[in-house]
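User: I would like to learn how to read burial, strand pairing and contacts in a model of this kind. Where should we start?

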Amino acid sequence: MSLSAALVVLFFSGSFPFFPLHASAGPSALPQDALDSAMSFELARSGGLKDEGYPPPYYVGLAATDLETKERVCVMGRERYAADRRQRILTPDIRVGSPGMDNHPVGMPSDMAGRSVPFENDLFALRHGLWRLMDLAYKSASADYLRKQALRVSRGKAEYDFDDFSREAPNRSARAPDRGGWDRERIERLCLEGSRAFRKAPGLLHAEVSTALSREDWRVRDTEGLSVDFSRDIAEIELEAVDIATDGLKVAVNSRFLAAAEIGLPGLGEVEGAVREMMADLAALKVAVTTSPFDAPAVLDPSIVAAVVLSVGTRLSGEEQRNPSGTQVFRDKLGTPVLSPILTLVDDPTLVSFRNRPLLGTYAFDNQGIPGQRVVLIERGILKGFLLSRYPVIGFPRSNGHGRRAPGYLAVGTPGNLILSARETVSEEKLFELLRKELKRRDKPYGLWVRKLGGFSQSQSTGRQDALRVSARLVYMVEAKTGKKTLVRNLDVVCTPLTLMENILAAGDRSEVTDLVAGVPVSVVAPSLLVSGVELQRSEAKPEKAPILPPPPAEE
Amino acid sequence: MALLRRAALGVPFAMALLLLPAISPAWPVVDSEVFRPMEAEMARGLGMRKEGFDPPYFLAYRLTDIRAMEVSASFGAITDDDAQESRVLYIEVRVGTRTLDNTDLGFQGWHVSAGDASESLRTQLWTLTDKAYKSAVAGYLEKKAKRATEFIAEPLDDFSVEVSTVFTGPSPRSDLQGERGRLLELLPRLSAVFREYPYVYESQATARRRWSRRYLLTSEGTRIAAEGSHVPGVLHLSAMTRAPDGMRLDALAGFPYREWGDLPSEEALVEAVRRLARQLDEGRMAPVQPPMAAPVILDSEVTSVLFHEALGHKLEGQRQRDPAHSQIFKDLVGKRVIPEHLSFIDDPTLAVFQGTPVNGHYLFDEEGVPAQRVTLVDHGILKNFLMSRWPVKGFPNSNGHGRADAYRHPTGRMGTIIVVAHRPVSPAELERRLRELCRAKGKPYGFLLVGSFGGENPNLRRAAQTFEVSPRLIYRVDAATGARTRVRGVKMAGTPLVLLDRIVAAGDDAQLSNEFVCGAESGRVPVGQIAPSVLLSEAELQRIPEDRSVPPLLPSPFLEERGRKPDDPGPRGER
């Protein structure tokens, strides 16, 4: 059984890719003129990058990212892991050929393009690093360009092939890196005290809290005169706990807080509340029944809907429409219905908050230095637009400021703040009434209520079936006759995206924000939905024997 | 991952090749020359023991003698002419007890290419039994080690108790030379017909023939000498072209046969070649269908592949034992699992259907258990599993479905599946309801999927339980007018329960699809599939993997042959 390489696994593995260069932390308050100088010197020299018999670059972009991360993991009120890391990554984007056809990968760029260089500001050391980096990048750009030409000879031009690089005005925006604003000790206290709260459940097999504060300072420059600086911070607090049911199957729950600024951090009370809720849910799950998988109409809570919406969002990236090994599920569908006509999907990186809750996918400039723009993706069910980087799509020759990626990677059309709104909504109560009505109509004894996203994975390549699999913390069977809800466990939800999206029966009237990390931070605002069918699948769990001795007595 | 494929072309023989003259027309092996060394070594093997461990409690020797040939031709000339004979010895050793022995679901015995002389066979039996016993002891300890941490909620026996069988069937009659001569004449003539179609870039006419005899001896007293489980012969016609946008298009037809006389007449085969060429022509001119969810009619072949993937594999008994498997149906015996207007049966005892010999037919499975007709799902209610000698909760015995190729350990597999419609309607009525459904859902059209290249389906929980079926021909059916338009570029995908649940009607047109080979953990085995066409209220069509290539720069040389100038595009712009 081989898993396709294009399988995007987003099981809340939010940590950014880190280069194997670690160093002790220290405040970096120095002005970074040496970096600016090094970048502009080497960009200026890049005009001379030309090998005999090969084309010169027509464009050179350079992104520098200063990264600082502070991680803590605490177990039962004590630290078990602490790491402070700092590094600087330079990512070149060298284009040879012409904007009509250059060395941009066919489809989805996925290779690491960046390299880490000294984070101290020494002009020679930085220029030396850049000199090597740009040289290698130019050579591989030339090679990639020739290979792409070779591919064009055998494969021909696909009807969806288009220009490789959009023309954009060179933006300029300087912003001094903001070094304050975070109370690091407060995050550490949340880790320690949050994990201490699990002491009330000493029988758990595993319970821990991890926190990470990542700060990125970006400088984007290019040979067209673009110069944009911005920062991207994210703090995450993740709680996990595992218990074992009597049939030897483990039950696991997790909970996560993400914040882009100090103000978005939860208070200790909130974290402890989440711990209490997790313990209560675990206690319920431990004695919950298991059931054979079945398919049924379902009410999905906003966090589950967020997973579906994000998977739709990633399929709406411009690159995906031109990816020969992608599913291209939306290609050729512009102006046609792809979603229930009551729904509209917008991506808006300019939106700062939703009902006073700060959003995570807010940014002024994307990784290519293009201002983030509000984009209507699907309007009343009709496909209207895509999430575009500078890799254009037929009919959409310009970026709309969605070229995002983790440091070290080339930008790809990626969601910021996805907002799913419904033209007609019903109350939560009515949603369940409609569920039961649908069950009776289809003569099904049980429906489903799926709550609290745990994680999800999707396959997005034509080599495999296009499917979405969601692990929810709480899955309830809803009895058609009585409406009685029975918690079940160790079951995931699977569906194919088109069928799910076209079969949305009703939307709830309360939208909620779900923060996710898909390489970059993303917020999804969505209501609950009633869908006509999802299928359950046993989750991957191997029965284990429970601990032989009881847990040690608690001291407190 | 389980795969269902049409008996694929171009799969190389995995065995040693011998020159043609070595093969004699009469079956050369005398049964006793195989059983005598087997019996001698089995008697010794049952007494062997490593100090501190028990001797084997079960031993099985399986020997498969194979004579096979393959002849291919392309555009009028022979491209392949191979014959081979081979002999595969497979040994299974069990230590411990029936309740707990050395086997688990990944278990495989030992196999070698065996010699044909009685003495060399005995030596191989001796050394291989020794190896198999040692690895069985190691396997037993490994299994106990795993159980130190694993929690077994429902302990099940490892090996069922079955009555032993003694049976001797007739030796195969192999007229290899005579048949080879006929193929060397027929196949070039058939393949030459493709020269009339300049847009056919690659094509083949291939025949595969296989005679085999299987010998099974177990320490429980089973002694069987009979024909092996395989498709005796199949003639395949295949062709490919590319659409103007570079998309690859394939066409394939197969004609299984037991006796030469089972093959259609040459005129009918020539017509089949022309039909394939026409399908390709129609396909390359067809529009690309974007992904879509819509009501769909599956013809009998696609229906059979749907049931094979979505239901058949998931009802294989051993999968209910292993928590790594999806186990969708494990606890659903007695419950409704598909619409009540359908039943699902597996019947390897069915030898002939509508006058055609069925390829999923066998008398005894690879464990020597007599084949049985099993009603798996009765009027929608799950009744049974496909059982080998791996017991499952509530099903302590085999029902004669322990199948394997010559090299692998048998597991519960399909033989001949039969999808029974209890409220059948005519195909015309199915199409009327399709259009009605489209109109009710506001869809401009539905689809008709005809024929299948095969399917694919993951069985492990690790993977999302989606599966796919690749149709050969896809038609878009206009909801208003019923007009059919051939389209290309999509496959059907879905999750099994949802799709089966959406079968709203079935046709009265049950047919046999006879040329499929099913691949799974215990190897490739031929299967028969009988099903009617069905109507799904909705199915999702997804894009097929992109395989795009610029069509040839120069036109086909056969254009000149036909007296046309090379720059003459021919009818409909063919090149």
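Analyst: Start with burial. A residue is buried if 20 or more other C-beta atoms lie within 10 Å of its own, and exposed if 12 or fewer do. Keep in mind that this is a predicted model. In helix α1(B), the residues that count as buried are B:Val34, B:Pro37, B:Met38, B:Glu41, B:Met42 and B:Gly45.

User: Why are these buried residues on the same side of α1(B)?

Analyst: An α-helix has 3.6 residues a turn, so residues three or four places apart point the same way. In the present case, the buried residues of α1(B) cover an arc of only 135° around the axis, which puts them on the same side of the helix. Exposed residues B:Ser32, B:Ala43 and B:Arg44 are carried on the face of α1(B) turned away from its buried side.

User: Which elements do the buried residues of α1(B) pack against?

Analyst: They pack against β2, α2 (118–146) and β6 of chain B.

User: What span should the 16 residues of α1(B) have?

Analyst: Helix α1 of chain B covers residues 31–46, and at 1.5 Å a residue it should span 22 Å; the end C-alpha atoms are 22 Å apart, which agrees. The check can be repeated on α2(A), where 33 residues should span 48 Å and the end C-alpha atoms are 46 Å apart, which also agrees.

User: Which residues of α2(A) are buried, and what covers them?

Analyst: The buried residues of α2(A) include A:Leu126, A:Leu130, A:Leu133, A:Met134 and A:Tyr145. Their cover includes α1 (33–45), β2, β3, β4 (101–102) and β5 (115–117) of chain A. Just after α2(A) comes A:Gly156, with a positive phi of about 80°.

User: And a single residue: is B:Gly355 buried or exposed?

Analyst: Count its neighbours against the cut-off of 12 or fewer for an exposed residue. B:Gly355 has 7 C-beta neighbours inside 10 Å, so it counts as exposed. B:Gly355 is placed in the loop between β12 (352–353) and β13 (356–357) of chain B. Its C-alpha atom is separated by 15 Å from that of B:Asp509, 154 residues apart along the chain.

User: Now strands. How many residues of β20(A) are buried?

Analyst: The number is 12 of the 13, so β20(A) is largely enclosed by the rest of the structure. For its pairing, look at partners and direction. β20(A) is joined to β21 (residues 485–488) of chain A by 4 bridges, and the two run antiparallel. Within this pair, A:Val475 stands opposite A:Val488. The two strands form a hairpin with 5 residues between them, and A:Gly483 in the turn has a positive phi of about 80°. β20(A) also pairs with β22(A), in the antiparallel sense over 3 bridges; there A:Val470 has A:Val493 as its bridge partner.

User: What is the order of strands in the open sheet of chain A?

Analyst: Read the order from one edge to the other. This sheet has 6 strands in the order β15-β14-β11-β18-β25-β24, with mixed pairing. Its edge strands, β15 (382–383) and β24 (512–518), each pair on one side only. Inside the order, β11 (residues 343–347) and β18 (residues 417–422) of chain A pair in the antiparallel sense over 5 bridges. A:Leu345 stands opposite A:Leu420 in β18(A).

User: How do I read the domain contact in chain A? How many residues take part?

Analyst: Begin with the bounds. The domain assignment gives domain 1 (13–25 + 33–286) and domain 2 (295–538), and their C-alpha centres lie 24 Å apart. In the contact, 48 residues of domain 1 meet 42 residues of domain 2. By class, the domain 1 side has 29 nonpolar, 11 polar and 8 charged residues.

User: Last, which residues make the contact between the chains?

Analyst: The size of an interface is often given as the accessible area lost when the parts come together. Here the description is by residues: 43 come from chain A and 46 from chain B. On the chain A side, the elements that give two or more residues are α2, β20, β22, α8 (497–502) and β26 (529–538). The largest share, 4 residues, comes from β26(A). By class, the residues on the chain A side divide into 11 nonpolar, 16 polar and 16 charged.

Technical notes: Residues are numbered from 1 along each chain as its sequence is written. Chains are lettered from A and ligands numbered from 1 in the order in which they are written. This is a predicted model: local features need pLDDT of at least 70, side-chain atom pairs count only at pLDDT 80 or more; totals for chains, interfaces and linings use all residues. Two residues are in contact if their C-beta atoms, placed from the backbone, lie within 7 Å. Ala, Val, Leu, Ile, Met, Phe, Trp, Tyr, Cys and Pro count as nonpolar, Asp, Glu, Lys and Arg as charged, and the others, Gly among them, as polar. Two strands pair if DSSP finds at least two bridges between them. The expected span of a helix is 1.5 Å times one less than its number of residues. The arc is that of the directions from the helix axis to the C-beta atoms. Domain bounds come from an automatic or database domain assignment.
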